[in-house]
Amino acid sequence: MINTLKSYKELSSTVADIVEYQIQEQPLSKLIFPTGSTPLGMYKELVSRELDWSDVITFNLDEYLMNPDHPYSYHSFMRKNLFDRINIYPDHYHFPYRPTLSFEDTMYANKGIDLCILGIGSNGHIAFNEPGSSFKSKTRVVDLSEQTIQDNSKYFDSIDDVPKQAITMGLGTIMESKKIILMANGNHKLNILNVAMNGEVTEDVPASILQNHNNVEVYYCD
Ligand code: PGA
């Protein structure tokens, strides 16, 4: 179930191929996108391919509870690495917002999500669904775990600057996607990836819920 690729470059281009195919086959696609270090190469690839994004609608998995214009917000990350560099309409990309129920309504206003790209945290989280999150969870405000605050402190000036809360899509929300791709980069992710994909399906390992989805592909490189 875990596809091991030779390099980060191959990981990035393989997942970019899947996104490109989706957009070409169905210009009106609805996609879910992640942030973090793992997808950076994929976004770079997508920018270089000059695809037509004019009908594409996207939703990001999560956002810190902070000013969206802050340079370390996920809004800023996505604008810098993808949205400001492609021909997507600004009102076609979305981030989770409050009230979270209206965000869920916006997501499902059309016909559901065609393709969801995910990363995995070192504690097995997907989006900001930390261990113990309900498999039925929907978009909501969550407290970040100590592990996640520690992991994400590399993006901030100091650990004290990392927001302690975020808005995340739920595991139930993510599982409604028609197709899911999980990307993992680096040897430090291999153990949790194996536990999630081959171990017990349990809320203690949020990514293990993916074993219950019938259209998931997992790509890893060390
Ligand atoms: P990373 O984060 O890509 O920066 O490792 C992944 C995640 O926490 O989902």
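1. A polar contact here is a pair of N or O atoms within 3.5 Å. That cut-off is the yardstick for the ligand distances below. The model is predicted.

2. Start with Lys189. An N or O atom in the Lys189 side chain is 2.6 Å from an oxygen atom of the ligand. With the limit at 3.5 Å, this pair therefore counts as a polar contact. Thr38 does likewise: a side-chain N or O atom of Thr38 is 2.5 Å from a ligand oxygen. For Tyr155, the distance from a side-chain N or O atom to an oxygen of the ligand is 2.9 Å.

3. How much of the ligand does the protein cover? On its own, the ligand has 290 Å² of accessible area, and the protein covers 83% of this.

4. Which residues are around the ligand? Gly36, Ser37 and Thr38 are among them. So are Gly119, Ile120 and Gly121. The list is completed by His125, Tyr155 and Lys189. By class, this shell has six polar residues, two nonpolar and one charged. Lys falls in the charged class, and Ile and Tyr in the nonpolar class.

5. Where does the ligand sit? Its space is the largest pocket. The volume of that pocket is about 430 Å³. The lining has 26 residues, and the closest to the pocket centre are Thr35, Gly36, Ile120, His125 and Lys189. Of these names, Gly36, Ile120, His125 and Lys189 also appear around the ligand.

6. The lining of the largest pocket divides into twelve polar, ten nonpolar and four charged residues. Which element gives the most to this lining? Helix H5, residues 146–152, does, with three residues.

7. Next, the second largest pocket. Its volume is about 240 Å³. It is lined by 13 residues. Nearest its centre lie Pro71, Tyr72, Ser73, Phe77 and Tyr155. Tyr155 is also one of the residues around the ligand.

8. The lining of the second largest pocket has eight nonpolar, four polar and one charged residues. Helix H3, residues 74–81, supplies the largest share, five residues.

9. Two backbone points deserve a look. The peptide bond from Arg98 to Pro99 is cis, with omega near 0°. Pro99 is in the loop between strand S5 (93–94) and helix H4 (100–108).

10. The other point is Glu50. Its phi is near 50°, a positive value in a residue other than glycine. Glu50 is in the loop between helix H2 (40–48) and strand S3 (57–60).

Key:
Residues numbered from 1 in each chain as written. Predicted model: local features only at pLDDT ≥ 70, side-chain atom pairs only at ≥ 80, totals over all residues. Heavy atoms only, no water. Near = heavy atom within 4 Å. Polar contact = N/O pair within 3.5 Å; in protein donor to acceptor, adjacent residues only side chain to side chain. Areas by Shrake-Rupley, 256 points an atom, 1.4 Å probe, with all protein chains shown as cover. 1 Å grid on protein atoms, 1.4 Å probe; cavity = no way out; pocket = protein on both sides within 12 Å on 5 of 7 lines; lining within 4 Å. Sits in = over half its atoms within 2 Å of the grid points. Points joined across faces, edges and corners; volume = space filled by probe spheres on them. Helix = DSSP H or I, 4+ residues; strand = E, 2+ residues; numbered from the N terminus.
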